[in-house]
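Where might a small molecule find some room in this protein? Let's take a look at the pockets.

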Amino acid sequence: MIFRARFVVTMDGDPIENGAVAIRGNRISDVGTCAEITKSNSGEVTDLGEVALLPGLINAHCHLDYGMLRGAIPPQSSFIRWINEINAAKGKLRPADYQRAISDGFAEAKNFGTTTITNFAAFPELLPQMPPPLRMWWFGELIDIRGNVDVAGILQDLRQGADHGNSRGGLGLAPHALYTASCPLFKEVAKVAHHEGFLLSTHLAESREEMEMFRDAAGPMFDGMRAFGRPMHDCGGRTPLEVLSGCVKLDQRWIIAHLNELTNDDFTRLGSADRFNIAHCPRSHRCFGHSRFQFQKLRELGYNIALGTDSLASNQNLSLFAEMREFRRIQPGTSPRELLRMVTVNAAVALSQQDRLGRIRRGYLADLIAVPVRRPATEIYDEVTAYDEVVPWMLLDGNLQTFSA
């Protein structure tokens, strides 16, 4: 199969005008101008028209489980109050509600051009019943604030989910956050993940209240967690980053979500540490009014930064295009090309898939999307990162799908 487009945005150089991509099976077999590809490759040519063909977008941090909570929780005066509200809302839900939310999330993400999702699975036992239509990395979420966690049981649920149609993606483990997962749990999970070859993820340094809890042993989160019965011996005198770094070795296997609250000492520590991956969620960040994300400092230190949507409990939709627009609004010096890298190349690196996903390159998986364009090649990155509609075409594993608004 050969797909022709006005532009092919490979992420390896300038867009290819009047470009084409040859697909064999589920892989890209050739990329170039339409004349070059049709001359050296046989097969039917499908002309996608006046579109830019892009790598499929990769969501680096998401919670599909909570799709039914879109707009359900009003703004709160503190982050811990929001956590209490979402926990109260979850108490009224049934397994069927979560299944419907995840299924609806698949469809919504596809409509917005997302082909791969990094998802925290709060209920991994549901996965065998839900073969995903996207490329999924399921991270089993672990919380031991309410009691011990059966890590082996969660691994079994994840594997069963993989056996029921998740062969496109992979698996990971995700201790939820320092305030809900103990240091011994982090250590156990890191050991298991290393043995199994899994990736790891967690929420870290997300809010000012989390900083107050660990550094100052004070504030609404400290009071709330203590009232809940959480042991507080790890609080006082250390930042969240310092506490977690003392529990486990943070390296390229980790995707750290948020990382909004950092001190000068934290940046010194980051400068000499192994580099891990960071997932930033711009619109969820805006929803909570978190401290400014220190993008420039983290990038200058060599950290790989990707974008995610977080959950619909703190966001309007699952559009990574909207995340790019919001990121550019709050970080106006960011180039459109770099924005697109954060939902393609950088996100693929975070998943250790930089040799399979995130680019349109020979040998890579044929996950591609088409975005209508009107501007010349010199403005193509500006145009595609400002896109705000449903994508009309998607290729997932080389299979062409169409969508309508």
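## The second largest pocket

Keep in mind that this is a predicted model. Start with α10: this helix hands over 4 residues, the largest share of the lining of the second largest pocket. α10 isn't alone, since α2 and α6 (208-216) also supply at least two residues each.

The pocket itself has a volume of about 390 Å³. Its lining runs to 23 residues, and the ones closest to the centre are Pro75, Gln76, Trp82, Cys287 and Phe288. Sort that lining by class and you get 8 nonpolar, 10 polar and 5 charged residues.

## The largest pocket

Now for the largest pocket, which comes in at about 500 Å³. It is lined by 28 residues, and if you head for the centre, the closest ones are Ile83, Ile86, Asn87, His176 and Tyr179. On the chemistry side, the lining splits into 12 nonpolar, 11 polar and 5 charged residues.

Which element gives the most to this lining? That's α2, with 8 residues. At least two residues each come from α2 (79-90), α7 (220-228), α10 (282-288) and β14 (310-311).

## Shared walls

A couple of elements turn up twice. α2 and α10 each put at least two residues into the lining of the largest pocket, and each does so for the second largest pocket too. Their top billing is split: α2 gives the most to the largest pocket, while α10 has the largest share in the second largest.

Definitions and conventions: Residues are numbered from 1 along each chain as its sequence is written. This is a predicted model: local features need pLDDT of at least 70, side-chain atom pairs count only at pLDDT 80 or more; totals for chains, interfaces and linings use all residues. Side-chain values use heavy atoms; hydrogens and water are left out. On a 1 Å grid over the protein atoms alone, a cavity is a set of points where a 1.4 Å probe fits but cannot get out, and a pocket is an open set with protein on both sides within 12 Å along at least five of seven lines; lining residues have an atom within 4 Å of a point. Grid points are joined across faces, edges and corners, and a volume is the space filled by probe spheres set on the points. Ala, Val, Leu, Ile, Met, Phe, Trp, Tyr, Cys and Pro count as nonpolar, Asp, Glu, Lys and Arg as charged, and the others, Gly among them, as polar.
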